[in-house]
Amino acid sequence: MVGAYDARKTGEPAASFSSAGPTRDGRPKPEVSAPGVQVKAAQSRTKDGMVKKSGTSMAAPAVTGLVALMLAKAHKAGKKLAIADIRAKLKAGVKPGAGPAGWDPQRGDGRAGSGAI
């Protein structure tokens, strides 16, 4: 699960719509966060072909891209990554947020970053 934050604001605050964890069974979710407020996306039938959207559905593709890059790098090295490996790399590669260190109910372990690759 990916949380969303507003990358346009100082301190990159968690988005108001980003669900807070932990889960009902106590698992710490979200695991990481990514920009999810007013993210530019492609849209047909618009003047410039772009639209601004908000939601964790806009944050998740950023993390998906990181995972794709991790998998490509592993493949090039002749290795395979299990889901546990991917989660560990995402967690190890986070950039600390503006809040306290450690897991945060809305931001997870921090901002997903290229250190995961």
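**Figure 1. Pro22 and the cis peptide bond that precedes it in the loop between E1 and E2.** Pro22 has its place in the loop between E1 and E2, and in this predicted model the peptide bond that leads from Gly21 to Pro22 is cis, with omega near 5 degrees. Gly21 is likewise placed in the loop between E1 and E2, and it counts as buried because its relative accessible area, 17%, falls under the 20% cut-off. When residues up to four places away in sequence are not counted, Gly21 touches Lys29, Pro30, Trp103 and Pro105. The C-alpha atoms of Gly21 and Gly108 are separated by 8.3 Å, although the two residues are 87 residues apart along the chain.

**Figure 2. The cis peptide bond at Pro30.** Pro30 is found in the loop between E1 and E2, and the peptide bond from Lys29 to Pro30 is cis, with omega near 5 degrees. Both residues of this bond, Lys29 and Pro30, appear among the contacts of Gly21 once residues up to four places away in sequence are left out. Gly21 itself supplies the residue before Pro22 in the cis bond shown in Figure 1.

**Figure 3. Asp6 and Glu12, two buried residues of the loop between E1 and E2.** Asp6 lies in the loop between E1 and E2, as does Glu12. Asp6 counts as buried because its relative accessibility is 5%, under the cut-off of 20%, and Glu12 is buried for a like reason, since its relative accessible area is 18%. With neighbours within four places in sequence left aside, Asp6 is in contact with Glu12, Pro13 and Val37. The backbone of Glu12 has a phi near 40 degrees, which is a positive value in a residue other than glycine.

**Figure 4. Arg45 in the loop between strands E3 and E4.** Arg45 is found in the loop that joins strand E3 (39-42) to strand E4 (50-53), and it has a positive phi of about 60 degrees although it is not a glycine. Arg45 counts as exposed because its relative accessibility of 86% is over the 50% cut-off.

**Figure 5. The largest nonpolar core and the surroundings of Val63.** The largest nonpolar core has 15 residues, and those with the most contacts inside it are Val63, Met70 and Leu90. Strand E1 (2-5), strand E2 (32-35), H1 and H2 each supply at least two residues of this core, and the largest share, five residues, comes from H1. In soluble globular proteins, nonpolar side chains tend to be buried together. Leaving aside neighbours within four places in sequence, Val63 is in contact with Val2, Val32, Ala34, Leu90 and Ala112.

**Figure 6. The packing of helix H1 against helix H2.** Two packed helices are described by the angle between their axes and the distance between the axes. H1 and H2 pack at an angle of about 115 degrees, with their axes 11 Å apart, and H1 passes H2 in a right-handed crossing. On the side of H1 the residues that take part are Val63, Leu66, Val67, Met70 and Leu71, which meet Ile86, Lys89 and Leu90 in H2. By class, the contact of H1 with H2 has seven nonpolar residues, no polar residues and one charged residue.

**Figure 7. Lys80 in the loop between the two helices.** Lys80 is found in the loop between helix H1 (56-76) and helix H2 (83-92), and it is exposed because its relative accessible area of 81% is over the 50% cut-off. Lys80 and Met70 are 10 residues apart in sequence, and their C-alpha atoms are 9.9 Å apart in space. Met70 is also one of the residues with the most contacts inside the largest nonpolar core.

**Figure 8. The chain as a whole, for orientation among the close-up views.** The secondary structure of the chain comes to two helices and four strands, whose order from the N terminus on is β-β-β-β-α-α. The C-alpha atoms fill a box of roughly 45 × 35 × 25 Å along the principal axes, and buried residues make up 30% of the 117 residues in the chain. Among contacts between residues at least 6 apart in sequence, 56% join residues at least 24 apart. The chain exposes about 7400 Å², of which carbon and sulfur atoms supply 55%.

How values were computed. Residues numbered from 1 in each chain as written. Predicted model: local features only at pLDDT ≥ 70, side-chain atom pairs only at ≥ 80, totals over all residues. Heavy atoms only, no water. Buried < 20%, exposed > 50% of the residue type's maximum accessible area, 1.4 Å probe, protein only. Core = buried A, V, L, I, M, F, W, Y, C linked by side-chain atoms within 4.5 Å. Contact = heavy atoms within 4.5 Å. Axes fitted to C-alpha atoms, helices over the stretch in contact; angles between N-to-C directions. Left-handed = near helix turned anticlockwise from the far one by under 90°. Nonpolar A, V, L, I, M, F, W, Y, C, P; charged D, E, K, R; others polar. Areas by Shrake-Rupley, 256 points an atom, 1.4 Å probe, with all protein chains shown as cover.
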